Amino acid sequence: MTTSQNDTTAIAAQRRIAVDQALADIRAIAAAQALDRAVLARITARLEKLATNAALFTREDFPPPAASEGVGASTRYRLNPGDGDDDVALYLNSINPGKTSIPHNHTTWATIVAVEGQEENRVYRRTDDGSDPAQARLELEREVTVQPGTSIAFLPEDLHSIHVIGDRPTLHFHLYGQPLETLSRRIGVNLETGAIVNYNATQLQPSKAVA
């Protein structure tokens, strides 16, 4: 191996150790007591500690889509694919500015922590009674720009949309209680019409596994 290849292999090994240690700690936090916002805050703090290892999570190793793919193009890297579909799932999202999503839930807990870049999160409350499975009314509750030093976390039925701002792609951890690909009952809401859609079926793009 060349020196550069040796360096790359060493960084990948260090990254694997750091990710595995963080996820072991997070599993222990989640198992210790019933999930609530205080528990989510502890999980988020542990993920923020992982994000301080910026040298292990670089644009060279986790590149954003090429400019030719368009404004708002995104790549989602699964950092623990070996844990399968029945465990927590950690992704590193590399997204070009301009990316937006419709409001959606996750049906599991979630937290977003930045390595670099800015992602505005708009958090909504549902103002209807939920009796119509095809329609919802939402009201904007708050806005949080996730960036280094500012994170956000969600309980399973919380609703948010994302809007990548600034002039640089993001490198953001998105951590979920289960892999996104398994969350088949998530909903998305069209803000203009109130129409509810199945989020995974209509919006979710495949992830890339990182060994």
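Two strands pair if DSSP finds at least two bridges between them. Helices (H or I, at least four residues) and strands (E, at least two) are DSSP runs, numbered from the N terminus. Residues are numbered from 1 along each chain as its sequence is written. The model is predicted, so local features need pLDDT of at least 70, side-chain atom pairs count only at pLDDT 80 or more, and totals for chains, interfaces and linings use all residues; side-chain values use heavy atoms, with hydrogens and water left out.

**The three-stranded sheet**

Select strand 4, residues 118-126, together with strand 7: seven bridges pair them in the antiparallel sense. Within this pairing, Y124 stands opposite L159 of strand 7. Now add strand 5 to see an open sheet of three strands, ordered 5-4-7 with antiparallel pairing. Strand 5 (138-146) and strand 7 (159-165) are the edge strands, and each pairs on one side only.

**The six-stranded sheet**

Move next to the open sheet of six strands, whose order is 6-3-8-2-1-11 and whose pairing is mixed. Strand 6 (152-154) and strand 11 (208-209) stand at its edges with a single partner strand each, so one side of each has no neighbour in the sheet. Strand 3 (residues 110-116) runs antiparallel to strand 6 and is joined to it by three bridges. Select I112 to find its bridge partner in strand 6, I152.

Then display helix 2 (residues 37-51), which packs on this sheet and touches strand 2 (89-95), strand 3, strand 6 and strand 8 (170-176). Contact here means heavy atoms within 4.5 Å.

**Aromatic pairs**

The structure holds four aromatic pairs. Rings of Phe, Tyr and Trp (its six-membered ring) pair if their centres lie within 6.5 Å; planes under 30 degrees apart count as stacked, over 60 as edge-to-face and the rest as tilted. Select F57 and F173: their ring centres are 5.0 Å apart and their planes are at 85°, so this pair is edge-to-face. F57 lies in the loop between helix 2 and strand 1 (74-78), while F173 lies in strand 8, 116 residues apart. Both F57 and F173 are buried; buried means under 20% relative accessible area, exposed over 50%, and partly exposed in between (1.4 Å probe, protein chains only).

Continue to Y91 and Y176, with ring centres 5.8 Å apart and planes at 70°, so that this pair too is edge-to-face. Y91 belongs to strand 2 and Y176 to strand 8, so the pair ties together parts 85 residues apart in sequence. To complete the view, add F62 and Y77, which ring pairs link with F57 and F173 into a cluster.

**The nonpolar cores**

A nonpolar core is a set of buried Ala, Val, Leu, Ile, Met, Phe, Trp, Tyr and Cys residues joined through side-chain atoms within 4.5 Å. The largest has 28 residues, and those with the most contacts inside it are L50, F57, L79, L90, L92, F173 and L175. Helix 1 (3-32), helix 2, strand 2, strand 3 and strand 8 each supply at least two of its residues. A second, separate core has 13 residues, including A89, F154, Y176 and L183.

**Last stop: T107**

Select T107 in the loop between strand 2 and strand 3. T107 counts as partly exposed because its relative accessibility is 28%. Its C-alpha lies 6.9 Å from that of L183, although 76 residues separate them in sequence. Beyond its neighbours within four places in sequence, T107 is in contact with P156, E157, L183, R185 and R186.

How values were computed:
Axes fitted to C-alpha atoms, helices over the stretch in contact; angles between N-to-C directions.
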